[in-house]
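Got the viewer open? Here is a walk through the fold, one selection at a time.

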Amino acid sequence: MDEIPARPVLLTGASGALGRVLAKELGAAGWPLRLTDIRPFPDPLPAGAGFTRADLADGMAILRLAENCGTILHFGGVSVERPFAEVLGPNIQGLYHVYEAARRERARVVFASSNHAIGFHERSERLDHDCQFRPDGYYGVSKAYGELLGRLYWDKHGVENVNLRIGGCRPKVNNARTLAIWLSYADLVRLVMQATLAPAVGTLVIWGASNNARGFWGRDGRAVIGWAPEDSADPFIPGQQGNVSGNPVEERYQGGPYCAIDYTRTEPSPKTLFPAA
Ligand code: 15L
């Protein structure tokens, strides 16, 4: 993919695991990058990229960083389950600041959403992009909220957005659940590139998973951006299929360990969210 975005691309969360992968690969492809994170950037800066330390809860800082940008790749914020007070600033206020900046710049938002927005669906279910939100913690709620902000800013202000409902994006499959939700780094990079370069996207949800035979997810908006995963978790099946936690709550639901955190029900959560009328 040789095309390069005409306007600068702001990458939040640049010092995080996925941010570092994107900074390196998009930088190597010659993309005009503006990197930001609350933590220092730990790697050599890619040629043509600048880094600014900023807090997502600081709206003015985000507005300044986004000036003249055509795309905001929003990978910043709390990236695991945390108490609500810790999620509030970076993920709730922060998302609002990102969308206000996108609105001002007429920029597109590519948002790192998460499987934890739908984590309380059972693993036996095959979900499409329009399934109900079933967040499995405050972090998952913040991701569902981020997707909904995208809908609001599209409907009300015409701000385009692509919401990547990422599964488990890491170098290797490390347990049985990840056989279903794995997204390789290379598939992530291609996905972000296509989401940025596609001529028109409106508002989309795309499952961020490689081509995994055991996957939980079906239809989504990938055809609009022309993306299809090229990697697969399947070669890891022999080594990882028996690698389960032994926790019944964790193993029942798609969100896995996040569902089991602070779980106080005595009966399993029902398969259907709303009882039949
Ligand atoms: C996520 O959303 C997290 O950011 C990541 O750290 C993993 O926990 C992943 O989900 C997962 O579900 O494995």
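**Stop one: two helix pairs**

Start with H1 and H6, which pack with their axes 10 Å apart and at an angle of about 65°. That angle makes H1 roughly perpendicular to H6. The crossing of H1 and H6 is right-handed. Before going further, keep in mind that this is a predicted model.

Show side chains where the two helices meet. On the H1 side, pick Leu18, Val21, Leu22, Glu25 and Leu26; they meet Tyr185, Leu188, Val189, Val192 and Met193 in H6.

Now switch to H3 and H4. The axes of H3 and H4 are 10 Å apart, and the angle between them is about 15°. So H3 runs roughly parallel to H4. The H3–H4 crossing is right-handed. For the contact itself, residues to select in H3 include Phe84, Ile92, Leu95, Tyr96 and Tyr99, and on H4 the list includes Tyr138, Tyr139, Tyr145, Leu149 and Tyr153.

**Stop two: the cores**

Which residues have the most contacts inside the largest nonpolar core? Select Leu26, Phe75, Leu164, Ile166, Leu188 and Ile225, and you have them; the core has 35 residues. To see what feeds it, colour the elements that give two or more residues: strands E1 (9-12), E2 (33-37), E5 (108-114), E6 (161-166) and E9 (203-208), plus helices H1 (17-28) and H6 (185-197). H6 gives the largest share of this core, 7 residues.

Stay with Ile225 for a moment and display what surrounds it. Setting aside neighbours within four places in sequence, Ile225 is in contact with Leu191, Gln194, Ala195, Ala198, Val201, Leu204 and Ile206. There is also a second, separate core of 20 residues, with Ile62, Ala101, Ala107 and Val159 among them. As background, nonpolar side chains tend to be buried together in soluble globular proteins.

**Stop three: Phe120**

Next, click on Phe120, in the loop between E5 and H4 (138-157). Is this loop residue buried or exposed? Phe120 counts as buried because its relative accessible area is 15%, under the 20% cut-off. Leaving aside neighbours within four places in sequence, its contacts are Arg134, Pro135, Asp136, Tyr253, Cys259, Tyr263 and Ser269. If you want a distance to draw, try Phe120 to Asn163: their C-alpha atoms are 19 Å apart, with the two positions 43 residues apart along the chain.

**Stop four: salt bridges**

Time for charged side chains. The count comes to 16 salt bridges, and three are worth picking out here.

Begin with Arg219 and Asp130, whose closest N and O atoms are 3.7 Å apart. This pair links distant parts of the chain, 89 residues apart: Arg219 sits in the loop between E9 and H7 (222-225), and Asp130 in the loop between E5 and H4. Arg219 is partly exposed, at 48% relative accessibility, while Asp130 is exposed, at 55%.

Then go to Glu147 and Arg165, where the closest N and O atoms are 2.7 Å apart. Glu147 is in helix H4 and Arg165 in strand E6, 18 residues apart. Are these two buried or exposed? Both Glu147 and Arg165 are buried.

The last of the three joins Glu230 to Arg190, at 3.5 Å from N to O. Glu230 lies in the loop between H7 and H8 (237-240) and Arg190 in helix H6, so the bridge ties together parts 40 residues apart in sequence. Glu230 is exposed, with 58% relative accessibility. Add Asp187 and Asp231 to your selection, since those two belong with Arg190 and Glu230 in a network of salt bridges.

**Stop five: two positive phi angles**

Finish with the backbone. Most residues other than glycine have a negative phi, and two residues here go the other way.

Which sign does phi take at Arg106? Phi of Arg106 is positive, near 55°. You will find Arg106 in the loop between H3 (84-105) and E5. With a relative accessible area of 52%, Arg106 is exposed.

Now jump to Asp262, in the segment after H10 (257-260). Phi of Asp262 is positive too, near 55°. Asp262 counts as exposed, at 68% relative accessibility.

Note on methods:
Residues are numbered from 1 along each chain as its sequence is written. This is a predicted model: local features need pLDDT of at least 70, side-chain atom pairs count only at pLDDT 80 or more; totals for chains, interfaces and linings use all residues. Side-chain values use heavy atoms; hydrogens and water are left out. A nonpolar core is a set of buried Ala, Val, Leu, Ile, Met, Phe, Trp, Tyr and Cys residues joined through side-chain atoms within 4.5 Å. Buried means under 20% relative accessible area, exposed over 50%, partly exposed in between (1.4 Å probe, protein chains only). Helices (H or I, at least four residues) and strands (E, at least two) are DSSP runs, numbered from the N terminus. Contact means heavy atoms within 4.5 Å. A salt bridge is a side-chain nitrogen of Lys or Arg within 4 Å of a carboxyl oxygen of Asp or Glu. Axes are lines fitted to C-alpha atoms, for helices over the stretch in contact, and angles run from 0 to 180 degrees between N-to-C directions. Angles under 35 degrees count as roughly parallel, over 145 as roughly antiparallel, 65 to 115 as roughly perpendicular and the rest as oblique. A crossing is left-handed if the near helix is turned anticlockwise from the far one by less than a right angle, and right-handed if clockwise.
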